[in-house]
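Q: Please take a close look at one part of this chain. I would like to know how it is built, what it pairs with and how it sits in the whole.

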Amino acid sequence: MPPPYRGQFNQKGLPLIEVEVIGEGGSSKIFAVIDSGYNGYLSITYQTAASTKLEQLGVGSAHLANGDPISYVECLGTVVLGNVRVKA
């Protein structure tokens, strides 16, 4: 069982937890929103992906919960939460 993690709530009341994103250009610690509809992806800003030099795989598309279509850049990197490292 993983250790308990400490988090916080943002101004909108969304639960946040700190994760580290690692790419070929370095790492960045960010606060991620805990999403109960988790689909296996970590959504980050393009600036974080660029500054850590994540490997870009291509462009994907999806629909938001409200039905709006979006496009996004898919990247490969490492995410660290506590003592768990996942290459994704």
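A: Start with one cross-strand pair: Leu 81 faces Val 84, which belongs to strand 7. The model is a predicted one. Leu 81 lies at the end of strand 6, which covers residues 78–81. Strand 6 is the part to follow here.

First, its link to strand 7. The two strands run antiparallel and are joined by four bridges. They make a hairpin, with two residues between the strands. Gly 82 sits in that turn, and its phi is positive, about 65°. Strand 7 itself spans residues 84–87.

Next, the side chains of strand 6. In a regular strand, side chains alternate between the two faces of the sheet. Strand 6 shows this alternation. Thr 78 and Val 80 point to one face, and both are buried. Val 79 and Leu 81 point to the other face and are not buried.

Thr 78 deserves a closer look. It is a strand 6 residue. Its relative accessibility is 13%, so Thr 78 counts as buried; the cut-off for buried is under 20%. Setting aside residues up to four places away in sequence, Thr 78 touches Glu 20, Val 21 and Ile 22, as well as Arg 85, Val 86 and Lys 87. Residues 84–87 make up strand 7, and residues 15–23 make up strand 2.

That brings in the other partner. Strand 2 and strand 6 pair in the antiparallel sense, over three bridges. Within strand 6, Val 80 is the bridge partner of Glu 20. Strand 6 therefore has a partner in strand 2 and another in strand 7, given that pairing requires at least two bridges.

Now the surface around strand 7. Val 86 is found in this strand. Val 86 has 41% relative accessibility and so counts as partly exposed. Together with Tyr 5 and Val 84, Val 86 forms a nonpolar patch on the surface. The accessible area of the three together is about 220 Å². Val 84 is also the residue opposite Leu 81.

Strand 2 leads to the interior. In soluble globular proteins, nonpolar side chains tend to be buried together. The largest nonpolar core here has seven residues: Ile 17, Val 19, Val 21, Ile 30, Ala 32, Ala 49 and Leu 54. Strand 2 and strand 3 (26–33) each give two or more of them. Strand 2 supplies the largest share, three residues. One core member, Leu 54, has contacts beyond four places in sequence that include Val 21, Ile 22, Cys 75, Leu 76 and Gly 77. Val 21 and Ile 22 are also touched by Thr 78.

Strand 3 offers a contrast in Phe 31, which lies in that strand. Phe 31 is partly exposed, because its relative accessible area is 45%. Beyond its neighbours within four places, Phe 31 is in contact with Gln 8, Leu 16, Ile 17 and Glu 18. Phe 31 and Leu 81 are 50 residues apart in sequence, and their C-alpha atoms are 11 Å apart.

Finally, the setting. The chain has one helix and seven strands, in the order β-β-β-α-β-β-β-β from the N terminus. Of its 88 residues, 17% count as buried. The exposed area is about 6800 Å², with carbon and sulfur atoms supplying 54%. Among contacts with a separation of 6 or more, 30% join residues 24 or more positions apart.

Key:
Residues numbered from 1 in each chain as written. Predicted model: local features only at pLDDT ≥ 70, side-chain atom pairs only at ≥ 80, totals over all residues. Heavy atoms only, no water. Patch = residues over 30% accessible without salt bridge, like charges linked within 9 Å, V, L, I, M, F, W, Y side chains within 5 Å. Areas by Shrake-Rupley, 256 points an atom, 1.4 Å probe, with all protein chains shown as cover. Salt bridge = Lys/Arg side-chain N within 4 Å of Asp/Glu carboxyl O. Buried < 20%, exposed > 50% of the residue type's maximum accessible area, 1.4 Å probe, protein only. Core = buried A, V, L, I, M, F, W, Y, C linked by side-chain atoms within 4.5 Å. Contact = heavy atoms within 4.5 Å.
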